[in-house]
Structure formats: structure tokens, C-alpha cells
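Reader: I'm new to this one. Could you walk me through how to read it?

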Amino acid sequence: MNDPRRFVVIGGGLAGLASAVWLAEAGKRVTLLERRGRLGGRTHSLDVAPLRDVPDNGQHVIASGYDHLFRYLSSVGTRQYIKFPDQGVLRWPGGRTSIMGTKGFRALNSLFGAHPDASAGDRARAAVATVKMGWQCLNQPADLAELTTDQWFRRLGMPDTAREALWDWLALGIAAEPVRQESAKVFADVLATGIRLGVKHRRPVGIGYPTTDLDTLFVDGARRVFERSAVEVRYRAVARRVIIRDGAVTGVALDDGTVVEADAVVCAVPNSYIGGLLDDLPEHDEIYAAADKLGYTPIVSTNLYLDRPLGTKGAMEALIGGAGVIDEVFDRQRMHGRGTLNGWLYCLTTSGAYDQIHKPSHEVVEEQMTLLRRYYPDAAEAKVVHAQVVPMPRATFSQVVGTDGLRPGQRTSVPTLVLAGDWTRTDWSATMESAAQSASRAVDLLLALPERAGAAT
Ligand SMILES: Cc1cc2nc3c(=O)[nH]c(=O)nc-3n(C[C@H](O)[C@H](O)[C@H](O)COP(=O)(O)OP(=O)(O)OC[C@H]3O[C@@H](n4cnc5c(N)ncnc54)[C@H](O)[C@@H]3O)c2cc1C
């Protein structure tokens, strides 16, 4: 390690892990500060003690265009744990299903007419509206930031069948907000990123899933890199303020009164934790105001262990046309090839869970079982062996109308202080790829700096 500078990363979520791993790869001396007793941030495994099982805090899906996340997985040696199925399954009340192909003609059919009741006219209108939408993603109308995704879809003339079977559901998945609130610009920006990546990789962006738990996927490999590269990880180290003197970072003050000396800092905490950390930075007021305005959107995840299988046709099934209590059902048997000694594990996700977030767990489970019975005939007699509800009131920053342009970049006015985290400005919405991309940009900024004379050895 020839570079004497001390690089400190604040936050051990994906953005912080990726920053620390890539700085270590570049041969830098790194300390990682994490306020909790574990790494992984919003992507981590949870212990279900009575069952001796470790599902996740929330099911995470991965788009094939997550280039920076794949770089991270390659760095930590877990790239092989991602699978991209050839088709998706949509399920309607009563158990009816339709298959969405992701390749060739079947992909086009999914785009224009995945709904089993779509008429020829609907399909033609969906095709025209989809092409128009693609064009407007790349050449955005001036007022897009003022529209909700719902208003934009209506203006494009997207038929209800296409919206129900694909677009409303996809929009909710992309920004975790219902289409009547979500900013059309956020959705359009992510679609534009998808189109560009599709052209770059010469295949449409598909949706995949991990075949293992999130700790194995994201954390364990990072720990191995840290051990190999002598990265110091400090748990329960709560950063209070990044100390800046004469335009350069000198350290990070912790809430126990100690200071970790630093020559460069990556601040990789979410918008909900940024307050106070950047007080020494001239533009801190602006960043704090943006963090506040971005706000939060809730997600409720449930790990539901049943006494019998639901009769799924795919590893992930989107529930269409229901009350929106669950948007997706993930079959862990199919995804992870797991045994059923503890029952059949289904991971359910509700994005934009404004109604559910305040309900007690037993009510959430009851509601979800009622819904599952509407969609899966095999659920009629199913009993819940165990349930774990994970409410996340601040699951991601919010991407409603009015949030456009608020996300701060990774560069600050102090060259040795950079920001990272899903909420900083990237090509993506609040996703793991946004976290990884922000880390890549933050690390590049620091690595481009000349070594400072006189840094401690
Ligand atoms: C239920 C759920 C489902 C999701 N599904 C998907 C999905 O399917 N696909 C997808 O791409 N994305 C999904 N996301 C979003 C994704 O998880 C996040 O965008 C990503 O994990 C954010 O990473 P991050 O590093 O920016 O932040 P975080 O993971 O929040 O990490 C920040 C870390 O900083 C630490 N910290 C905070 N303050 C301090 C401090 N003062 N000092 C020290 N440490 C501090 C925190 O403890 C935390 O570990 C989902 C999120 C949730 C909650």
C-alpha cells in the first residue's frame, strides 16, 4: 500500500460496501464506518429464529442492465447467484395466468398485448402508445416533470389492458410509488436508461433474481475482500460530522466523541441520515433541503411460510387487477431450490404501502392470505406455519411529482468529500444499481485526485 492517504467510507449499505471494495481494489487504505452491528444496509438477511431460517428483509429483483451492480458482484465473487428467467408470469384473480416472454417476438407480444383479454384494437393502440412512449423517453416533453405517470399514460393513449398487464405494475416496481403519485419523469428517465442499455448490450433489459439470500450475495464476499485487503470495518460507529478544514477533509467525528482521521471521505448514508453530517460543507443547507423534500416511500415485505405449495408457475409472479395489497409473490422454492421442512416460503412485497405500513403484523398477514386465496386456488385451505412482516416506512426516497432535479451529485465543493447512496443523482431510480453506480462515480472522483503531500503514514 504505497498511498499513505486514509479513505473513510461512512455507511455499510451497498453504496458504502461497493465504495470500500473498489477503493481497496485500487490499493487504498480504507476504514468503513457502520452505525449498526451488521453490514448490508437495506439489503440484508433476517434471522427467523424459531425456524432457523434466514430469508431477506425484502425480496430484491435485479435488471439485466445493472452494470455497476454486476461489477460489484464480480468484485466480491458472487456474480453466479443471479438468474434471469426466460419468462415472467402474470396472475389474475381466480388463478388465470399469462406468460410474458422476454425474447424476440414473445417480448414484443409482452410489450403490446400481455393481457389475455386485449382485443386486436387494444394491441394496435398499445403498440402505437408504446412506440410514442419510447420516443418521449428519449426526447422528453418539457412538462413531463409536472405529470404523474398516470397522466402521461393517458396522454399517450395507452389502453387499460396494456396498463393493467404491464405498465402500471412496472411503474410501481420502478419507483415504488403508485402511478397516480409517481413522477412521469422518473419513470421516463429509467426507461430511457433501459433503452440505451438495451441498445448497448443488444438485448432488451430483463428482470432477474438472486438464487441465494442477500447476505451471501452482497455482504459475505465483501467481508472476504476486506480481510484480504486489510480494510478496517468499525461496527456501531455512528458518524456525526465530516470535519472539513481549509477546504479539505481531516476526519469524521463519531457520536462517542472520538474522531477517525481521514484524508478523503465517501459519505454513503441515505437521505434520512444525512442531517448534521455535512455541516462543515458550504452547500450543506441545499443538500439537507433536498434530502427532506425527497422524503420516503414505505414498502412492506412479508416472509410467509405455508403448510402447502401455492401452485405457482414461475419463480416471481405479479398479481394483476387486485386491490394492490401485494404486487409480487416470490416462490423461494423455485428461486433458491430450497427444501420445505419449514413449510413453503413465499416472499410478498407491497410497494407504496401507505395503507399497510401502520397495520399490525397479524392484520397484514390476514389481508395477504385473503388476497392469495383470490389468486391461487391452492391457497384456499393453506395454513400459515409462520409469518414475518417487515415494515420499512423509509424503504426508499420518494419519487413523486415535484422531486425532479433534487438529487445531489456525488461531487461536492470539497474535492476530498464525495457523496454516494441510491438517492444521489444517477441514471436510475431508488435501486441497488443506483447505489452501485453512485459508488462507482464517487470512487472515480477520489481516485482522480492527486496524492496529497504530507498525509499520515
Ligand atoms: C423492501 C425493499 C425492497 C427493495 N427492492 C428492490 C429491488 O427489487 N431492486 C432494487 O434494485 N432495489 C430495491 N430496493 C432498494 C435498494 O435496497 C436500495 O436502493 C439500496 O439497497 C440502497 O443502498 P444504499 O447503500 O444507498 O443505502 P443503505 O442500504 O440504506 O445503506 C446505508 C447505510 O448507512 C448506514 N448509516 C446511516 N447513517 C450512518 C451514520 N451516521 N454513520 C454510520 N453509518 C450510517 C446505515 O446503517 C446503512 O447500513 C428495495 C428496498 C427495500 C427496502
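**Reading the features**

Author: Let's begin with cysteines: a search of the whole structure turns up zero disulfides, a disulfide being a pair of cysteine sulfur atoms within 2.5 Å. This is a predicted model, where local features need pLDDT of at least 70, side-chain atom pairs count only at pLDDT 80 or more, and totals for chains, interfaces and linings use all residues. Residues are numbered from 1 along each chain as its sequence is written, and side-chain values use heavy atoms, with hydrogens and water left out.

Reader: Is Cys 137 buried or exposed?

Author: Buried means under 20% relative accessible area, exposed over 50%, and partly exposed in between (1.4 Å probe, protein chains only). Cys 137 has 3% relative accessibility, so it counts as buried. Cys 267 is buried too, at 1%. Ile 195, with 31%, is partly exposed.

Reader: Which residues surround the ligand most closely?

Author: A residue is near a molecule if one of its heavy atoms lies within 4 Å of it. Here 35 residues surround the ligand, and the closest are Glu 34, Arg 42, Val 61, Tyr 66 and Asp 422.

Reader: Where are the polar atoms of Glu 34 and Tyr 66 relative to the ligand?

Author: A polar contact is a pair of N or O atoms within 3.5 Å; within protein, one must be able to donate a hydrogen and the other to accept it, and residues adjacent in sequence count only if both atoms are side-chain atoms. An N or O atom in the Glu 34 side chain is 2.6 Å from a ligand oxygen, while a polar side-chain atom of Tyr 66 lies 2.8 Å from an oxygen of the ligand.
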